[in-house]
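The following account leads the reader through a protein model, beginning with a pair of helices and moving on to the domains and to selected residues. Please keep the sequence and the structure in view while reading.

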Amino acid sequence: MAVDELDTRILRLLLEQPRTSVREYARILGVARGTVQARLDRLERDGVITGTGPVLSPAALGHPVLAFVHIEVTQGHLDDVGDALAAVPEIVEAFSITGGGDLLTRVVARDNAHLEDVIQKLISLPGVVRTRTEVALRERVPHRLLPLVESLGRTARG
C-alpha cells in the first residue's frame with residue numbers, strides 16, 4: 001500500500017506522540033479531525049497500523065536475558081513446531097527463515113540458567129532436530145520505524 005505525505009506525517013505523530021488525541025493530531029497537522037480519523041481507519045484496515053498498545057520491556061518484567069534461537073525442524077513439521085512455540089511464554093517472536101535453520105526465535109529469560117531451561121524445552125519439542133543459540137549482549141539499535149516512515153515521506157514529497 002502506498003502512503004502519501006499526509007499519511008507519513010500522521011504516522012510520525014503516532015510514533016512520536018502515541019498518547020495524543022486525534023483532535024490534537026488534526027490541530028498539529030492543520031487538517032480536519034475527520035480527515036485524520038479517516039486516514040487512521042484506512043491505515044489500520046490496510047494493515048499499516050497493526051496495534052496501538054504499550055511497548056513493554058521484558059527486562060523490566062524480570063527477563064533481562066535476550067537470545068536468538070535458531071531451530072532446525074524435521075521436514076513436514078514446521079507448522080507443528082510453530083504451533084508448539086506459541087505455547088512457550090518466553091518466546092516473544094518466531095519467524096520462518098531461509099539459511100541456517102528453519103525458524104528464528106527471540107527468547108527472553110530471567111538469567112542464563114532459565115535460558116538453558118527454555119532451550120531444553122525447545123529441544124524436547126516433537127519435530128525439533130537441533131537448536132543454535134546466540135545471546136544478545138547489548139541493544140545497539142532499538143526496534144524503530146520512524147526512520148523508515150521518514151524515508152517514505154521524503155519519497156512521497158519527491
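**Helix packing, domains and selected residues**

The axes of helix α1 (residues 5–16) and helix α3 (residues 33–45) approach to within 11 Å and cross at roughly 85 degrees. Angles of 65 to 115 degrees count as roughly perpendicular, so α1 is roughly perpendicular to α3. From α1, the residues that take part in the contact are Leu6, Asp7, Ile10, Leu11 and Leu14. Their counterparts in α3 are Thr35, Val36, Arg39, Leu40, Arg42 and Leu43. Sorted by class, this contact of α1 with α3 comprises 7 nonpolar, 1 polar and 3 charged residues. The model is a predicted one, and these descriptions should be read accordingly.

One participant in that contact deserves a second look. Thr35, which belongs to helix α3, is one of the residues that α1 meets. Thr35 has a relative accessible area of 32% and is therefore partly exposed. With respect to the far part of the chain, Thr35 and Leu152 are separated by 117 residues in sequence, and their C-alpha atoms are 20 Å apart in space.

Between α1 and α2 runs a loop, and Pro18 is located there. Is Pro18 buried or exposed? Its relative accessible area is 60%, and because values over 50% count as exposed, Pro18 falls in the exposed class. Even so, Pro18 has contacts beyond its neighbours in sequence: with residues up to four places away left out, it touches Leu13 and Tyr25. The C-alpha atoms of Pro18 and Thr52 lie 8.0 Å apart, although 34 residues separate the two along the chain.

Helix α2 (residues 22–29) contains Arg23. With a relative accessible area of 63%, Arg23 is likewise exposed. Its C-alpha atom lies 8.8 Å from that of Gly34, a residue 11 positions away along the chain.

At the level of the whole protein, the domain assignment gives two segments: domain 1 covers 5–54 and domain 2 covers 58–136. How far apart are the C-alpha centres of domain 1 and domain 2? The separation between these centres is 35 Å. A UniProt record, from an unreviewed entry, lists residues 3–64 as "domain: HTH asnC-type". In the model, the span 3–64 is 53% helix and 0% strand, and its end C-alpha atoms are 37 Å apart.

Two further residues lead into the region assigned to domain 2, residues 58–136. Gly101 occupies the loop between β2 (91–96) and β3 (103–109). Its relative accessible area is 17%, and since buried means under 20%, Gly101 counts as buried despite its position in a loop. Gly101 and Ala2 are 99 residues apart along the chain, with 33 Å between their C-alpha atoms.

His114 is placed in helix α5 (residues 112–123). What is its relative accessibility, and which class follows from it? The value is 6%, so His114 counts as buried. Setting aside neighbours within four places in sequence, the contacts of His114 are with His63, Glu90 and Ala109. Of these partners, Ala109 belongs to the strand β3 (103–109), and His63 falls within the residues 3–64 that the UniProt record lists.

Terms used
Residues numbered from 1 in each chain as written. Predicted model: local features only at pLDDT ≥ 70, side-chain atom pairs only at ≥ 80, totals over all residues. Heavy atoms only, no water. Axes fitted to C-alpha atoms, helices over the stretch in contact; angles between N-to-C directions. Helix = DSSP H or I, 4+ residues; strand = E, 2+ residues; numbered from the N terminus. Parallel < 35°, antiparallel > 145°, perpendicular 65-115°, else oblique. Contact = heavy atoms within 4.5 Å. Nonpolar A, V, L, I, M, F, W, Y, C, P; charged D, E, K, R; others polar. Domains from an automatic or database assignment. UniProt positions renumbered as here; feature names shortened; annotations may be inferred. Buried < 20%, exposed > 50% of the residue type's maximum accessible area, 1.4 Å probe, protein only.
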